[in-house]
Amino acid sequence: MEYVASFILVVGVIILVHEIGHFLAARAVGIRVDRFSIGFGWKLAALKRGETEYRISWVPLGGYVKMAGMIDESLENPDQFDPNDPRLFMNKRIWQKVVVVCAGVFMNLILAGVVLWGVYATRGVPTLPDEVPTVIDRPIPGYPAAKAGLRKGDRLIAIEGTEVRLWEDLVQQIYERPDQEITVDFERGGERKSIVVRTRSEAQEGQEAPIGKIGISPQPQYEQVGFGKAFVYGWTATWTILDRTARSIVLLITGKASVKDLAGPVGIARITGETARQGMGDLIELLAIISVNIGFLNILPVPALDGGHLVLVLVEGIRRRPLGTKFKLWTQQVGMLLLLALIAVVVFNDFMRLR
């Protein structure tokens with residue numbers, strides 16, 4: 001229940017903020033909004049206010065804002081509307097359509113920036129000394145270290161019998177052993193212990209060969225900063241997360257990374273649940289990371305995603321005439337099938353990791 005609750009909290013907030021972005025942008029440019037849905041599929045609960053139906057649907061893997069005159073995730077044909085109605089999405093100017101389509105992604109980035117701003121303003125900015133000790137801040141949920149039982153505060157002593165004093169030595173020993181079982185000696189509560197961890201093999205930008213990873217980070221110190229400096233750090237961190245997400249997608253497209261590395265709903269639920277146990281601050285920070293990831297993935301030029309809608313809008317702008325309704329419906333249907341297939345693959349991978 002803790003995992004489910006943390007998953008609903010994190011993903012629910014991200015989806016809600018994303019859809020609010022579309023909703024507010026649509027209303028701002030005068031588009032009629034017929035439905036605001038959190039989730040897909042059959043209606044679980046609904047409330048009608050004015051011309052808009054606000055609903056919660058059964059499948060909590062996203063949401064949508066149904067705008068009059070637009071083919072979206074609901075796959076409803078817009079030809080049923082009066083083509084001369086100025087409140088239809090299809091009758092708005094190109095720049096207005098672009099703003100509405102991109103508004104959800106912008107809201108995801110804004111959410112991340114504001115959240116990290118608050119985290120840094122209250123907890124401080126993480127810093128590392130010149131010589132970083134081999135003490136774990138926290139094992140990354142879902143990675144080998146967490147699965148093997150390593151915990152926050154453990155001090156790693158040796159890898160495969162080779163003593164490690166500083167974090168850079170530790171990282172080097174692990175990097176050199178991708179997809180291998182390694183013996184890790186560590187100290188916990190003054191007692192020396194030993195476990196076997198199987199490293200992951202991951203692509204690293206700038207390196208031809210994959211490297212080994214077990215999913216740990218060093219224990220930082222926190223420097224208290226003012227509100228203004230925390231704002232700068234928050235948005236810098238947001239940009240860093242966005243950059244890393246983009247690089248990861250490039251590695252995936254070029255075949256240097258595997259679809260097996262992607263986390264689906266089950267994987268995200270496990271990660272949010274394990275992070276919640278480490279503290280609310282860590283969970284809020286994770287919310288920012290996932291928000292940026294979801295925002296970036298949504299703007300990819302894939303039918304049924306915001307990026308797919310954006311491509312159609314830009315193509316219509318270049319052609320100076322609308323694309324056919326049948327073609328738009330077809331692209332949405334194909335996009336939905338591709339997304340469902342991808343979801344099936346990542347869910348399968350999630351369950352395989354649980355074995």
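I take the expected span of a helix as 1.5 Å times one less than its number of residues, and I take helices (H or I, at least four residues) and strands (E, at least two) as DSSP runs numbered from the N terminus. The model is a predicted one, in which local features need pLDDT of at least 70 and side-chain atom pairs count only at pLDDT 80 or more, while totals for chains, interfaces and linings use all residues. Residues are numbered from 1 along each chain as its sequence is written, and side-chain values use heavy atoms, with hydrogens and water left out.

**Entry 1, overall.** I looked up the general make-up and found nine helices and twelve strands in the chain, whose C-alpha atoms fill a box of roughly 75 × 45 × 40 Å along the principal axes. Of the 355 residues, 44% count as buried, where buried means under 20% relative accessible area, exposed means over 50%, and partly exposed lies in between (1.4 Å probe, protein chains only).

**Entry 2, helices α6 and α2.** I checked the span of α6 (residues 265-278): its 14 residues should cover 20 Å at 1.5 Å a residue, and the end C-alpha atoms are 20 Å apart, which agrees. Within α6 I noted G267, A269, R270, T272, G273 and T275 as buried, and after the helix comes G279, with a positive phi near 135 degrees. Helix α2 (residues 94-123) has 30 residues and reaches 43 Å from its first C-alpha to its last, close to the 44 Å expected. I found that α2 nevertheless bends by about 45 degrees at A103, the bend being the angle between axes fitted to the seven residues ending there and the seven starting there. Just after α2, G124 takes a positive phi of about 100 degrees.

**Entry 3, aromatic pairs.** I counted rings of Phe, Tyr and Trp (its six-membered ring) as paired if their centres lie within 6.5 Å, with planes under 30 degrees apart called stacked, over 60 edge-to-face and the rest tilted. The structure holds seven aromatic pairs. One of them, W117 with F231, is edge-to-face, at 4.9 Å centre to centre and 80 degrees between the planes. This pair links distant parts of the chain, since W117 is in α2 and F231 in α5 (residues 227-253), 114 residues apart. W117 counts as partly exposed at 23% relative accessibility, and F231 is partly exposed with 36%. Ring pairs link W117, F227, F231 and W235 into a cluster.

**Entry 4, salt bridges.** I used the criterion of a side-chain nitrogen of Lys or Arg within 4 Å of a carboxyl oxygen of Asp or Glu, and the search of the whole structure finds 18 salt bridges. Helix α2 appears again here, as R123 meets D282 at 3.2 Å, N to O. D282 lies in helix α7 (residues 280-298) and R123 in α2, so the pair ties together parts 159 residues apart in sequence. D282 is buried, with a relative accessible area of 8%, whereas R123 is partly exposed, with 24%.

The side chains of K43 and E53 meet in a salt bridge as well, at 3.5 Å, N to O; K43 is in strand β1 and E53 in strand β2, ten residues apart. K43 counts as partly exposed at 45% relative accessibility, but E53 counts as buried at 14%. I also noted K152 with D137, whose closest N and O atoms are 2.9 Å apart. Salt bridges that share partners join R35, K43, E53 and R55 into one network.

**Entry 5, nonpolar patch.** I then asked which residues make the nonpolar surface patch of about 670 Å². They are W42, L44, I56, W58, V59 and L61, under a rule that takes residues with over 30% relative accessible area and no salt bridge, joining like charges within 9 Å and nonpolar side chains (Val, Leu, Ile, Met, Phe, Trp, Tyr) within 5 Å. Strands β1 (33-49) and β2 (52-67) each supply at least two patch residues, and the largest share, four residues, comes from β2. I56, found in β2, counts as partly exposed at 46% relative accessibility.

**Entry 6, loop residues.** Most residues other than glycine have a negative phi. I therefore recorded E160, whose phi is near 55 degrees, a positive value in a residue other than glycine, in the loop between β5 (155-159) and β6 (162-163).

Technical notes: Areas by Shrake-Rupley, 256 points an atom, 1.4 Å probe, with all protein chains shown as cover.
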